[in-house]
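This report follows one helix through a model, from its geometry to its surroundings.

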Amino acid sequence: MDQHYPLFYVFHFYLFGVIAIASALAFVTRKSPVAAALWLVNTMFALAALYVMLDADFIAAMQVLVYAGAIMVVFLFVVMLLNLGHPSEIPDARGKWWKLAAAIVGLALLSMVMTISRTRLPESLVMPRDFSVTQAAKYNAVGTIARPLFNEYLLAFELTSVLLLVAIAGAVVLGRGRESNAR
Amino acid sequence: MLAESLAISAVLFTIGVVGVLVHRNAIIIFMCVELMLTAVNLTFVAFSRFYGATGQVFVVFVMTVSAAEAAVGLAIIIAIFRHRQTVNLSDINLMKG
């Protein structure tokens, strides 16, 4: 993968990567759910920028719409519905040793994942350098995804609709509560 | 840029795992799971840049699953809150040995 990238590209790639990681760290250290959700939205936007730089324009748009738009709004909606916006005053019963253990587990996991991601994949699989550009020029940004989605993965796509139906039904049944069952 | 993307993805995934271990608020733990799913999405997109566009199809599927998971999971959290008046996982210990 010894492609040469312009400095402008590399600088912005690292910039958005640092923004994503910094917002994720800010997210995970917040006590208040609302602040955590807003930092997570920031992470999602930085990741969408990375997707654009990796030539996945449609996925970036979906990332902003679905994750930053829909899913995080649902989270904030539940936080405000249950009135959980203030950080909980109950201290963690597990003490500080648990946090140390979590940090050690995190470092071990990080080293493992980093090692795995350094595996060299066979060069014969690598697409030609201008592959994604020609692909996007031939079919546009949506067609690049739509073609495999509606040909090879049509069955999986149709099964997705069943999954969504089950999720909707499950959410309605779980959220309805006991009072309305009585009637 | 493949190695950098995978490194960013690994760091984000680890932050998500540590968040699940450290936090006691069910909603924040849930958001950490979403962060882990997004980190995996970044891996898919990075590989699709170099190994063909199929990886982006899987990102679509992961997004669908995480949307369904958010809907059902938050409904479960609301149901738990209705019973116990809390989302602190230390207080939800009915099945603790």
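Which residue just after helix 3 of chain A takes a positive phi? In this predicted model, the residue is N83(A), whose phi is about 55 degrees. The model as a whole scores ipTM 0.91 and pTM 0.88, and chain B has a mean pLDDT of 89, with 99% of its residues at 70 or more.

Helix 3 of chain A comprises 25 residues, 57-81, and because each residue should contribute 1.5 Å, a span of 36 Å is expected, with which the 34 Å between its end C-alpha atoms agrees. The helix nevertheless bends, by about 30 degrees, at M72(A).

The geometric values for helix 3 of chain A are gathered here.

| Feature | Value |
|---|---|
| Expected span, helix 3 of chain A | 36 Å |
| Distance between end C-alpha atoms, helix 3 of chain A | 34 Å |
| Bend at M72(A) | about 30 degrees |
| Crossing of the axes of helix 2 and helix 3 of chain A | roughly 175 degrees |

The axes of helix 2 of chain A and helix 3 of chain A come within 8 Å and cross at roughly 175 degrees; since angles over 145 degrees count as roughly antiparallel, the two helices are therefore roughly antiparallel to each other. Their contact involves, among others, L40(A), M44(A) and Y51(A) of helix 2 and I59(A), Y67(A), M72(A) and F75(A) of helix 3.

Among the buried residues of helix 3 of chain A are I59(A), Y67(A), I71(A), F75(A) and V78(A). The cover over the buried residues of this helix includes helix 2 (33-53) of chain A, and also helix 2 (26-51) and helix 3 (54-84) of chain B.

Key. Residues are numbered from 1 along each chain as its sequence is written. Chains are lettered from A and ligands numbered from 1 in the order in which they are written. This is a predicted model: local features need pLDDT of at least 70, side-chain atom pairs count only at pLDDT 80 or more; totals for chains, interfaces and linings use all residues. Helices (H or I, at least four residues) and strands (E, at least two) are DSSP runs, numbered from the N terminus. The expected span of a helix is 1.5 Å times one less than its number of residues. The bend at a residue is the angle between axes fitted to the seven residues ending there and the seven starting there. A residue is buried if 20 or more other C-beta atoms lie within 10 Å of its own, exposed if 12 or fewer, and partly exposed in between; C-beta atoms are placed from the backbone. Two residues are in contact if their C-beta atoms, placed from the backbone, lie within 7 Å. pLDDT is the predictor's confidence in each residue, from 0 to 100. Axes are lines fitted to C-alpha atoms, for helices over the stretch in contact, and angles run from 0 to 180 degrees between N-to-C directions. Angles under 35 degrees count as roughly parallel, over 145 as roughly antiparallel, 65 to 115 as roughly perpendicular and the rest as oblique.
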